[in-house]
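Q: I'd like a close look at one spot in this model, and then a walk outwards from there. Here is what I'm looking at.

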Amino acid sequence: MRLIVLGLLSWLVLPAAAVERVEVGNRVMENLPEVPAELIERLDRYQNTRGATFSGWLEDGSLLVTTRFGETSQVHRVAMPMGMREQLTFYREPVSAVTAAPAAGADGFVFGKDVGGSEFWQLHWYDLDSREVSLLTDGGRSQNTAPLWSHDGRWLAWSSTARNGTDYDLWLRDMAGGEARIVLQQGGMWLPMDFSPESGRLLVMKYVSINESYPGELDLATGELRMFPVDGGKAAFRAFRYAPDGRSVYYVSDEGREFLTLFQHDPRGGAPTALSAHVPWDVRELAIAADGRHLAYVSNEDGISRLRVLSLPDHRELDLPELPIGVIGSLGFSPDGRRLALTLNSATSPSDVYVLDLAQGKLARWTQSEVGGLDASRFRAPELVRFPTFDEVEGQPRTIPAFYYRPEGEGPFPVVISIHGGPESQALPVFNPNTQFLLNELKVAVLVPNVRGSAGYGKTYLQLDNGLKREDSVRDIGALLEWIATRPELDATRVGVMGGSYGGYMVLASMVHYDDRLRAGIDVVGISHFRTFLENTESYRRDLRRAEYGDERIPEIAAFHERIAPLNNAHRITRPLFVAQGYNDPRVPWTEAEQIVKAVRGNGGEVWYLMFRDEGHGFRKKSNSDFFNAAAMLFWQKHLLGK
């Protein structure tokens with residue numbers, strides 16, 4: 001069957017004037033020139049940078065981190081600050097959702113793994129005593145995600161599509177006895193959020209979209225589900241945790257507010273209390289110590305993270321040592337509650353793991369990731385800029401935030417506009433070796449905008465591109481092109497655009513609308529037509545995406561999708577295009593790439609095409625990522641720099 005499908009791919013792509021399809025291992029290429037050895041050598045050191053991410057505490061006080069020392073990211077153990085990294089998992093596929101068992105349970109961790117980027121993640125148990133790995137889920141074409149331990153380590157809850165392939169039910173497994181059962185099947189996407197201290201109750205969340213979730217509590221003995229009221233009937237929720245007393249809860253929501261705010265609600269005390277009301281930004285991370293003495297949260301303040309730690313139950317804010325400026329993620333208190341681990345990433349340094357001693361107020365670095373032998377002092381941090389766009393807010397031009405990476409020197413510099421996916425995501429000033437290569441080696445400026453619809457700037461901004469307003473975000477790129485033309489250090493005649501997933505759609509749409517102002521574009525796993533995307537994406541994702549892009553079953557939405565589709569406007573794309581895709585992509589199927597390649601090429605356009613048969617929504621294997629990045633740099637050299 002696979003040979004038949006690949007034969008069909010060739011038939012779909014090749015127009016009358018045949019383009020040679022070259023296959024090397026799992027790599028399929030069309031119209032790609034050979035990448036010069038000199039370029040590969042220059043890029044290689046940048047591609048050998050790596051980071052480390054905190055994944056959990058073990059009972060002995062050591063840390064689990066995920067990092068890559070080979071082809072894919074795997075689990076390692078670190079016993080002390082700057083200690084050696086002991087690799088624990090060794091798979092050809094990257095691992096995900098690493099969750100350490102609580103100190104009261106067995107010594108080990110749960111992790112997820114798929115095959116070839118399919119995202120049909122299966123959960124596994126790694127026993128640190130025996131070094132044995134056990135499969136916990138069905139091993140089939142189901143997606144299993146959000147593993148959550150009870151506080152005593154006896155139970156594991158998770159969300160799975162195993163029942164019908166579409167709905168996310170909640171499962172519960174007795175880790176000692178091995179029995180697993182569905183405890184909640186209501187249709188839609190349900191996520192486990194926290195076990196009560198005695199493990200008899202489970203906080204749950206029904207996720208509809210980034211703007212809409214519904215919290216509740218499940219009695220695990222009776223199966224009774226009690227949903228909590230939502231102020232205004234509709235709101236976004238993120239973290240949702242029991243307080244140490246097991247009665248009150250802490251949660252993050254935008255109920256009645258513009259930004260995601262940390263609340264506490266004690267049923268004995270009336271209305272919820274907003275604990276981060278003084279922070280006019282979204283709260284992104286939340287952690288509560290097992291000993292019940294501290295709570296930590298992170299706010300996202302214009303793309304920069306700020307950590308705050310509160311004592312419990314009085315909510316007094318602790319004085320903390322100064323942390324490096326960057327983006328903080330994956331918080332976790334030590335089993336004894338005295339230390340807080342976190343991942344910290346910045347524009348000039350890969351992610352690393354730090355530990356904060358709460359009593360001493362000291363920060364210790366536990367990992368120091370490699371930068372390929374490069375001089376890290378040459379890495380360049382961005383400037384946060386805001387450019388005016390086409391509409392107004394309270395009588396003043398609306399401004400769009402963007403991170404501006406400028407090369408050293410006078411210019412004028414060519415420009416690459418990099419557009420994030422999501423679309424409900426946010427570009428953050430994190431380390432990107434390819435950006436640093438563009439800046440230092442090719443002298444290309446990079447602009448990373450957060451166009452309307454991006455997260456992090458309030459729910460009004462988040463919803464500005466929904467439904468029939470989809471192309472307003474594309475107009476923001478037009479406004480950015482106008483801003484570039486006002487900057488003497490930038491060359492407005494040499495601008496390229498790139499992006500992945502929804503960002504890939506934005507690349508194609510920008511090339512449709514601003515073909516005369518762009519030199520070239522790179523589309524990675526991008527959407528070329530919302531109708532065909534919604535028809536072919538995996539069924540468990542369809543309703544989630546309809547909430548953002550509009551329901552194609554509604555005639556008005558269907559007509560709108562037809563009108564704006566880059567596929568239907570491919571004749572307007574005359575500049576060189578590079579399309580890259582993973583064959584196993586469950587989100588944006590390979591057909592989205594194939595059809596835009598065929599359409600643009602059929603109109604006489606130049607298209608480079610690259611597909612990996614062992615990848616999905618993006619490229620997670622180092623050899624594949626390295627090849628794509630080298631080809632992308634060659635594309636920019638040829639079509640942006642004219643070399």
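Is glutamate 93 buried or exposed, and what is its relative accessible area?

A: One caveat up front: this is a predicted model. In it, glutamate 93 has a relative accessible area of 14%, and the cut-off for buried is under 20%, so glutamate 93 counts as buried. You'll find glutamate 93 in a loop, the one that links strand S6 (85-87) to strand S7 (95-100).

What surrounds that side chain? Skipping neighbours within four places in sequence, glutamate 93 is in contact with Thr72 and Gln74, with Lys113, Asp114, Val115, Gly116 and Gly117, and with Lys621. Take Gln74 from that list: glutamine 74 is 19 residues away along the chain, yet its C-alpha atom and that of glutamate 93 are 8.7 Å apart.

Now zoom out for some context. For the whole protein, 60% of the 643 residues count as buried. Contacts across the sequence are a big part of the picture too: among those between residues at least 6 apart, 55% join residues at least 24 apart. The fold has 11 helices and 37 strands. Its radius of gyration is 25 Å, close to the 26 Å that the globule rule gives for 643 residues, so the protein is as compact as a globular protein of that length. If you're setting up a box, the C-alpha atoms fill one of roughly 70 × 55 × 55 Å along the principal axes.

Strand S37 (residues 607-612) is a good next stop, since six of its six residues are buried. In a regular strand, side chains alternate between the two faces of the sheet. Here, Val607, Tyr609 and Met611 point one way, while Trp608, Leu610 and Phe612 point the other, and all are buried. S37 has paired strands as well. Strand S2 (residues 27-30) pairs with S37 in the antiparallel sense over four bridges, with glutamate 30 opposite tyrosine 609. Strand S36 (residues 577-582) runs parallel to S37 and is joined to it by six bridges; there, leucine 610 is the bridge partner of alanine 580. With helix H10 (residues 590-602), S36 and S37 make a right-handed β-α-β unit.

Then there's the nonpolar packing. The largest nonpolar core has 75 residues, and Ile417, Trp483, Ile484, Leu490 and Tyr505 touch the most other members. Helix H6 (residues 502-513) gives the most to this core, eight residues. As for isoleucine 484, its contacts beyond four places in sequence are Val415, Ile417, Leu447, Leu490, Ala492 and Val495. Apart from that core lies another, of 44 residues, which includes Phe379, Phe635, Trp636 and Leu641.

H6 turns up again around helix H9 (residues 555-564): the buried residues of H9 pack against helix H5 (470-485), H6, helix H7 (530-536) and helix H8 (539-549). Those buried residues include Ile557, Phe560, His561 and Ile564. Seen down the axis of H9, its buried residues fall within an arc of 100°, so they line one face of the helix. Pro555 and Arg563 are exposed, on the face of H9 turned away from the buried side.

Terms used
Residues are numbered from 1 along each chain as its sequence is written. This is a predicted model: local features need pLDDT of at least 70, side-chain atom pairs count only at pLDDT 80 or more; totals for chains, interfaces and linings use all residues. Side-chain values use heavy atoms; hydrogens and water are left out. Buried means under 20% relative accessible area, exposed over 50%, partly exposed in between (1.4 Å probe, protein chains only). Helices (H or I, at least four residues) and strands (E, at least two) are DSSP runs, numbered from the N terminus. Two strands pair if DSSP finds at least two bridges between them. A crossover is right-handed if, with the strands pointing away from the viewer, the path from the first strand over the helix to the second runs clockwise. A nonpolar core is a set of buried Ala, Val, Leu, Ile, Met, Phe, Trp, Tyr and Cys residues joined through side-chain atoms within 4.5 Å. Contact means heavy atoms within 4.5 Å. The arc is that of the directions from the helix axis to the C-beta atoms. The radius of gyration is taken over C-alpha atoms; the globule rule is 2.2 Å times the number of residues to the power 0.38.
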